[in-house]
Amino acid sequence: MQSVVRKCTGVRADFPVLRCVRALAGAALLWLSQPAAAVEPLPVREVAAGVYVFHGVTAEQDEHNHGAISNLGFIVGSRCVAVIDSGGSPMVGEALLASVRAITPLPVCYVINTHVHPDHVLGNQAFLGEKPEFVGHAKLPLALAARGRNYIEAAERMMGAAGRGLQLVAPTRTVSDEDTLDIGDRVLRLRAWPTAHTDNDLTVLDERSSTLFTGDLLFVGHMPVVDGKLVGWIAVTDELARMKVTHVVSGHGDAGDAWREAFDKQGNYLRALYAQTRAAIRDGVRLSRAVETVGRDQIDNWALSGLFHRRNVTAAYAELEWED
Ligand SMILES: [Zn+2]
């Protein structure tokens, strides 16, 4: 895993993002193929002192990956540990907790969810025994209430044993603007964003190491998925790209030091989607046709475009149809 991660550090927008995605997926699959006796820790990489990240496979959730398809992390303070996203099933959450335990005996005092999507929240229940505060955007409880049942049904259908016995764990502390968490000689700065990837995106900045966890406000390799507002996400992408931070942990994939290029690449896709969808609406192209024509010049740049691009065009069309 380490060597794969090193090779993929410094990826440029035109290189072999897809090759890296496949290599990282292979390393994560090694973990997935371990025998299931004791809980096997997720392979994590220390991206900065005391900041650990697991890079998920680029795939849909299934019975083989157990929902380990997004990036997860944790930050170790002098008093306790903050976990950032918990994975797509309790099984993945337990493996992440085992990774924490392999590094420190300190308790997990916060589990922060960057947004509502199931691959980021369905591992929460594995941390209940730690009695942490569960932290999320002020709009996360409503989003979980609205979608949770569907997420659980999909997990049961797609992940076999890993998708059974799921329970939703909602935030016990919410953030409507900004907040700080002190984990002992280490302050985490949380920021709730206007609607972008979803309507409940939250970022986490570790001030000590200058590491920003973006959640799915940044996709690398994996096609960006529009589930909030395209226009809002373009603005947030531009703002995040200008932040003066040293390390960036995306929600999917790994840009290494080339994270500014990764924001540019994502911005280019979102702008193409915007411009071409607007043009299609202006020209009276129906949605059923637009999903076949809009952004076709973009899809080869991304993994999983077959799953997500048409959905993105549909979301963009619905958003922009009534725009002036
Ligand atoms: Zn997401």
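1. Which hand does the β-α-β unit made by β4, α3 and β5 have? The unit is right-handed. This is a predicted model, and the points below work outward from that unit.

2. Start with the sheet. There are 7 strands, and the sheet is open. The order is β1-β2-β3-β4-β5-β6-β7, with mixed pairing. The edges are held by β1 (45-48) and β7 (173-175). Each of these has a single partner strand, so one side of each lacks a neighbour in the sheet. From one strand to the next, the twist averages 25 degrees.

3. Now the two strands of the unit. β4 and β5 are parallel and share 4 bridges. Across that pairing, V83 stands opposite V111 in β5.

4. On to the next pairing. β5 (residues 108-112) also runs parallel to β6 (residues 133-137), and 3 bridges join the two. Two residues of the pairing can be checked by eye. Y110 stands opposite E133 in β6. V111 stands opposite F134 in β6. V111 is thus a useful place to look: V83 stands opposite it, and it stands opposite F134.

5. How much of β5 is buried? The count is 4 of its 5 residues, so the strand is largely enclosed by the rest of the structure.

6. The helix of the unit comes next. α3 (residues 90-103) packs on the sheet. It touches β2 (51-54), β3 (72-76), β4 (81-84) and β5. The direction of α3 makes about 145 degrees with that of β2.

7. Is α3 mostly buried or exposed? Of its 14 residues, 10 are buried, so the helix is largely enclosed by the rest of the structure. The buried set is P90, M91, V92, G93, E94, A95, L96, L97, S99 and V100. Note that E94 and S99 are on that list. The buried residues of α3 pack against β2, β3, β4 and β5.

8. A geometry check on α3. At 1.5 Å a residue, its 14 residues should span 20 Å. The C-alpha atoms at its ends are 20 Å apart, which agrees.

9. To sum up the unit: β4, α3 and β5 form it, with a right-handed sense. Its strands pair in parallel. Its helix is largely enclosed, and β5 is largely enclosed too.

Key. Residues are numbered from 1 along each chain as its sequence is written. This is a predicted model: local features need pLDDT of at least 70, side-chain atom pairs count only at pLDDT 80 or more; totals for chains, interfaces and linings use all residues. Two strands pair if DSSP finds at least two bridges between them. Axes are lines fitted to C-alpha atoms, for helices over the stretch in contact, and angles run from 0 to 180 degrees between N-to-C directions. Two residues are in contact if their C-beta atoms, placed from the backbone, lie within 7 Å. The expected span of a helix is 1.5 Å times one less than its number of residues. A residue is buried if 20 or more other C-beta atoms lie within 10 Å of its own, exposed if 12 or fewer, and partly exposed in between; C-beta atoms are placed from the backbone. A crossover is right-handed if, with the strands pointing away from the viewer, the path from the first strand over the helix to the second runs clockwise.
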